[in-house]
Amino acid sequence: MSGNDKILVVGYNAWDVTVPVDRIPAPDTKMEVAPPIQGGGGPAATAAVALARWGCRVTLVTPLADDPPGRWHAAALAGEGIDVSRSPQRTGKKSPQAVILVDGSDGSRRILWSRGEIPRLSPDEVPVSLLDGVGLLYCDGHENPACALLAAEARRRGLPVVLDAGSVREGLLDLLPYCTDVIGALGFPAALTGISDPGEALVALAGTGPRRVAMTGGDSGVLALVEGGPRYLPAFAVPVVDTTGAGDVFHAGYAYALRQGKDFPGCLDFGQAAAALKCGAGEAVPAFPPSRKSNPSFCPGGVGPPACSLPVIPVSFPVEPVPDFSLFFAGLSSSFRYSHGVARRIARMWSTPRRIP
């Protein structure tokens, strides 16, 4: 990266309590589990950590409470090298929190979450000066009114605006026209447009203003609008341990590749590879290049998997362990826990040019 290489991330944080279970318990039963893991999470915070660990300069604007979880989270983020000085503190409020059940049989998760007592960002908390020296604005869809103000100025300055569109929330329609890249969750385009056909829904989504639109489907892959038509990119197949935070890491990987100047399919491939590795088995290094896991049911009629290849991307990810700078950080949640493993494994993955047939 060169020039304005800082990334401004705006959105949601939460304090996660991750509970690994052998299986999801039946109603009205009890189950003894391993000690829960506590740590930082939330879409914007997790993406910020991934980007910072990949060498980006990151400023995160997210409301932080002054209760113990809020203070722990702020310290963890700052310890990652993320600038949180512009994140407003909510005095006397309770932090957003989530309880995450991770099913050991397949790595799937159930998330129970609360926004706590945190008021959303106000206009005076997001001055356009936040964009000074910034090369990309990243929004997670939780602070749409504030992001719309920043995104309008970002577009005036010619900056890319990436939106992680998980669901339709207040203020979204004001934000969409200023976004250059909108990557929605499965079902988001249909929920926004009322069009059930995935390809047609993406066309309608693109009509709201973004240059590049796509829809993620986890291990079903990604459906994107490329050159006016739908293109299906199969997912990468890796052994799954925990899917928590995979979507956040996907979007972070997409934004990182976009700042590297990669084309649209290359950015999506990078995001998918990062998310797949995030879901993988601890420090075990899967065989590379990982195979594609095609799901024809995710494709609209007549659109099959193209010839796919991993982009050969020159990367300079950190390859040494991040120092353990606090006791609580040693027990980070799944959302953060594998981010460094992702960085190391992607660095190995692209240290030698490799292609998938």
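Student: Which phi value does G261 take just after α7?

Tutor: In this predicted model, G261 has a positive phi of about 85° and stands just after α7. A similar description applies to α1, which is followed by G55 with a positive phi near 100°.

Student: What makes the phi of D28 worth a remark?

Tutor: Most residues other than glycine have a negative phi. D28 is a residue other than glycine, and its phi is positive, near 60°. D28 is found in the loop between β2 and β3.

Student: Why is D28 called exposed?

Tutor: The term exposed requires a relative accessible area over 50%. D28 has 86% relative accessibility, and therefore counts as exposed.

Student: What is the sign of phi at E227, and where does E227 lie?

Tutor: Phi of E227 is positive, about 55°, although E227 is not a glycine. This residue belongs to the loop between β13 and β14. Its relative accessibility is 82%, so E227 counts as exposed by the rule of over 50%.

Student: Why does G11 count as buried?

Tutor: A buried residue has under 20% relative accessible area. G11 has 0% relative accessibility, and so it meets that condition. G11 sits in the loop between β1 and β2.

Student: Which residues are in contact with G11, leaving aside its neighbours within four places in sequence?

Tutor: The contacts of G11, with those neighbours left aside, are A44, V61, T62, P63, D140 and E143. In addition, the C-alpha atoms of G11 and L121 are separated by 8.9 Å, while the two residues are 110 apart along the chain.

Student: What makes the space lined by G11 a cavity, and what is the volume of the largest cavity?

Tutor: A cavity is a set of points where a 1.4 Å probe fits but cannot get out. The count comes to one cavity of 30 Å³ or more, and the largest cavity has a volume of about 40 Å³. Its lining consists of G11, Y12, N13, T62, P63, P96, R115, I118 and E143. By class, this lining has four nonpolar, three polar and two charged residues.

Student: What distinguishes a pocket from such a cavity, and how much space lies in the largest pocket?

Tutor: A pocket is an open set of points, whereas the probe cannot get out of a cavity. About 1,300 Å³ of space lies in the largest pocket. Its lining has 46 residues, and the closest to the pocket centre are R109, T243, G245, A246 and G247. The lining divides into 20 nonpolar, 17 polar and nine charged residues.

Student: Which element gives the most to the lining of the largest pocket?

Tutor: That element is α7, with five residues. Among the elements that each supply at least two residues are also β2, β7, β8, β15 and α8.

Student: How do you know that the span of α7 is close to the expected one?

Tutor: The expected span is 1.5 Å times one less than the number of residues. For α7, with 14 residues, the expected value is 20 Å, and the helix reaches 20 Å from its first C-alpha to its last.

Student: What makes α7 and α1 mostly covered?

Tutor: The test for each residue is a relative accessible area under 20%. In α7, 13 of its 14 residues are buried. In α1, 11 of its 11 residues are buried, including A44, L51 and R53.

Student: What makes a set of residues a nonpolar core, and which residues have the most contacts inside the largest one?

Tutor: The members must be buried residues of the listed nonpolar types, joined through side-chain atoms within 4.5 Å. The largest nonpolar core has 42 residues, and those with the most contacts inside it are V9, L51, W54, L60, I82 and L268. Elements that each supply at least two residues of this core include β1, α1, β4 and α8. The largest share, nine residues, comes from α7. A second, separate core of 34 residues includes L121, L176, L223 and L225.

Student: Which residues does L51 touch, not counting those up to four places away in sequence?

Tutor: On that basis, L51 touches I7, V9, C56, V58, A252 and Y256.

Student: How many residues of the whole protein are there, and what share counts as buried?

Tutor: The protein has 357 residues, of which 55% count as buried. It has 10 helices and 16 strands. Among contacts between residues at least 6 apart in sequence, 73% join residues at least 24 apart.

Notes: Residues numbered from 1 in each chain as written. Predicted model: local features only at pLDDT ≥ 70, side-chain atom pairs only at ≥ 80, totals over all residues. Heavy atoms only, no water. 1 Å grid on protein atoms, 1.4 Å probe; cavity = no way out; pocket = protein on both sides within 12 Å on 5 of 7 lines; lining within 4 Å. Points joined across faces, edges and corners; volume = space filled by probe spheres on them. Helix = DSSP H or I, 4+ residues; strand = E, 2+ residues; numbered from the N terminus. Nonpolar A, V, L, I, M, F, W, Y, C, P; charged D, E, K, R; others polar. Buried < 20%, exposed > 50% of the residue type's maximum accessible area, 1.4 Å probe, protein only. Contact = heavy atoms within 4.5 Å.
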